[in-house]
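Colleague: I have the model open. Can you talk me through it, starting with a strand?

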Amino acid sequence: MSTVLTHALRRSGLWFRRASPSGRSFEVAARHVRLYSGPLRPNKKPLLDKNSGTILGVTAGLLLGGFYVSHLENAPETGRRRFMAVSKQQEDFLRQQALQDTLRQFQGRILPIHHPLTQEVRRITRRIITASNLGYLEGEATHADPESTALFDPWAEIMHMPGSEIPRSPTMHPEKEWTVLVVDDRNFVNAFAAPGLVCVSTGIMPVAKNEEGLAAVIGHEIGHVAMRHSAEQLSQSKLLFPVMGLLALLGVDFGISSVLANLLHSLPHSRALETEADIVGLKLMSRACYDPGAAPRFFEDMSRLEEGNNIPTFLRTHPQTSERIAHLKTLLPESYNIYQSNPECAKLEDMRRRGYIKRVSRDVRTGAVF
Ligand SMILES: [Zn+2]
């Protein structure tokens with residue numbers, strides 16, 4: 001339980017010690033015991049009588065309910081109803097916090113900016129955020145600077161696609177600066193993003209295999225940011241502790257309520273966010289002229305890594321990989337439409353057809369171009 005809640009309960013007199021049958025004492029936050037079962041401390045009167053307790057519980061419930069309903073909104077892209085209660089300042093703070101935590105956690109293992117793998121991840125990230133006009137890389141000009149990259153990369157010609165369908169939010173806009181970090185850890189198969197931060201481990205590169213596989217990973221992670229998932233999770237936590245406190249007042253054991261909240265809310269919610277990031281990630285990579293078919297191919301390779309991992313769906317933070325692959329495949333026709341409607345992709349396809357350029361595919365493990 002949070003120390004804030006514990007402190008508040010202690011101060012209000014709602015938190016007290018009770019002797020267990022084994023003689024060890026343990027603490028309970030159970031207002032109802034004193035309200036409805038008589039005082040446990042012989043010399044201390046209950047703070048509130050039964051009616052006052054009921055009024056307090058109902059009032060707190062109504063206030064929380066009103067707060068929840070007044071902060072509901074439809075998520076862009078999917079229309080999912082979601083609870084969002086954070087300010088722009090708090091979202092900016094999330095970026096700083098995520099960056100500091102990542103730098104601290106992986107201290108000494110972050111590849112330098114000029115390392116070929118960092119350059120590869122920066123290039124893919126640049127291409128994805130440029131195509132959807134979502135910002136620029138730290139240390140680069142605000143807008144695409146052809147002089148800086150065109151000599152080495154024909155894809156640098158990709159400019160943002162007009163009529164963006166990618167949601168605009170405080171975390172995603174043309175002036176947003178992005179930091180790209182690559183963690184050198186072959187045993188850490190992971191990638192994550194926060195507003196303005198993309199972090200990829202070298203451990204995921206053998207699974208991603210090539211540039212398009214890595215674009216599927218990065219597209220998914222930027223999809224989380226586009227949909228403001230970290231802000232949504234912060235909003236949820238603002239509601240969770242008061243609800244847990246209220247349930248404790250009503251007599252629900254804190255341990256039981258936290259297990260139920262996890263199974264009935266947090267885990268399904270986390271899976272819904274993953275599905276949403278898959279949807280948006282596919283759009284982002286398609287707009288950047290990456291073959292969207294690379295996304296289900298990546299998860300097929302991931303599923304081979306996960307063989308023998310038989311955790312049931314309801315206990316997972318992520319959907320079953322087989323379900324993700326099937327879902328991504330249903331989205332492919334729309335993704336290929338997005339790809340083909342980007343004039344830059346068509347131009348590149350035309351140049352390729354005429355033999356002016358080859359399809360550039362790099363092996364992200366070795367940097368080899370083929
Ligand atoms: Zn994810």
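Modeller: This is a predicted model. In β8, residues L197, C199 and S201 point one way, V198 and V200 point the other way, and all are buried.

Colleague: Why do they split like that?

Modeller: In a regular strand, side chains alternate between the two faces of the sheet.

Colleague: And how many of the residues of β8 are buried?

Modeller: Five of the five, so β8 is largely enclosed by the rest of the structure.

Colleague: What is the strand order in the sheet?

Modeller: The order is β5-β6-β8-β7, in an open sheet of four strands with mixed pairing. β5 and β7 (191–194) are at the edges with a single partner strand each, so one side of each has no neighbour in the sheet.

Colleague: What packs on the sheet?

Modeller: Helix α5 (residues 116–131) does, touching β5, β6 and β8. The direction of α5 makes about 145° with that of β6. Helix α4 (residues 88–105) lies across β6, β7 and β8 and runs at about 25° to β8.

Colleague: Back to the pairing. Do β6 and β8 run parallel or antiparallel?

Modeller: Parallel, over five bridges, with β8 covering residues 197–201. T179 has L197 in β8 as its bridge partner, and V183 stands opposite S201 in β8.

Colleague: How many bridges join β7 to β8?

Modeller: Four, and those two strands run antiparallel. F192 has C199 in β8 as its bridge partner. β7 and β8 form a hairpin with two residues between them. In the turn, G196 has a positive phi of about 85°.

Colleague: What about the β5 side?

Modeller: Strand β5 (residues 136–137) is joined to β6 by two bridges, and the two run parallel. L137 is opposite W178 in β6.

Colleague: How many of the residues of β6 are buried?

Modeller: Five of the seven, over residues 177–183, so β6 is largely enclosed by the rest of the structure.

Colleague: Let's switch to helix packing. At what angle do α4 and α9 pack?

Modeller: The angle between α4 and helix α9 (residues 229–249) is about 110°, and their axes are 10 Å apart. Angles of 65 to 115 degrees count as roughly perpendicular, and α4 and α9 are therefore roughly perpendicular to each other. Their crossing is right-handed.

Colleague: Which residues make that contact?

Modeller: Q90, E91 and L94 on the α4 side, with S230, A231 and L234 on the α9 side.

Colleague: And α10 with α12, what is the crossing angle there?

Modeller: Roughly 30°, with the axes coming within 9 Å. Angles under 35 degrees count as roughly parallel, so α10 is roughly parallel to α12. α10 passes α12 in a right-handed crossing.

Colleague: Which residues of the two helices are involved?

Modeller: From α10, the contact uses T275, D278, I279, L282, K283, S286 and R287. From α12, it uses R324, H327, L328, L331, S335, I338 and Y339.

Colleague: Some of those are three or four places apart. Is there a general reason why that spacing would turn up?

Modeller: An α-helix has 3.6 residues a turn, so residues three or four places apart point the same way.

Colleague: New topic, α11. What length does it reach?

Modeller: Helix α11 (residues 294–305) has twelve residues and reaches 17 Å from its first C-alpha to its last, close to the 16 Å expected at 1.5 Å a residue.

Colleague: Which residues of α11 are buried?

Modeller: A294, A295, P296, F298 and F299.

Colleague: What covers them?

Modeller: The cover includes α7 (205–208), α8 (211–226), α10 (254–287) and α12 (321–341).

Colleague: Last bit, the whole chain. How many helices and strands are there?

Modeller: The protein chain has 13 helices and eight strands. Of its 370 residues, 30% count as buried.

Colleague: And what share of the contacts comes from residues 24 or more positions apart?

Modeller: Such pairs account for 70% of the contacts in the protein chain with a separation of 6 or more.

How values were computed
Residues numbered from 1 in each chain as written. Predicted model: local features only at pLDDT ≥ 70, side-chain atom pairs only at ≥ 80, totals over all residues. Buried ≥ 20, exposed ≤ 12 C-beta atoms within 10 Å, placed from the backbone. Pairing = 2+ DSSP bridges. Expected span 1.5 Å × (residues − 1). Contact = placed C-beta atoms within 7 Å. Axes fitted to C-alpha atoms, helices over the stretch in contact; angles between N-to-C directions. Parallel < 35°, antiparallel > 145°, perpendicular 65-115°, else oblique. Left-handed = near helix turned anticlockwise from the far one by under 90°.
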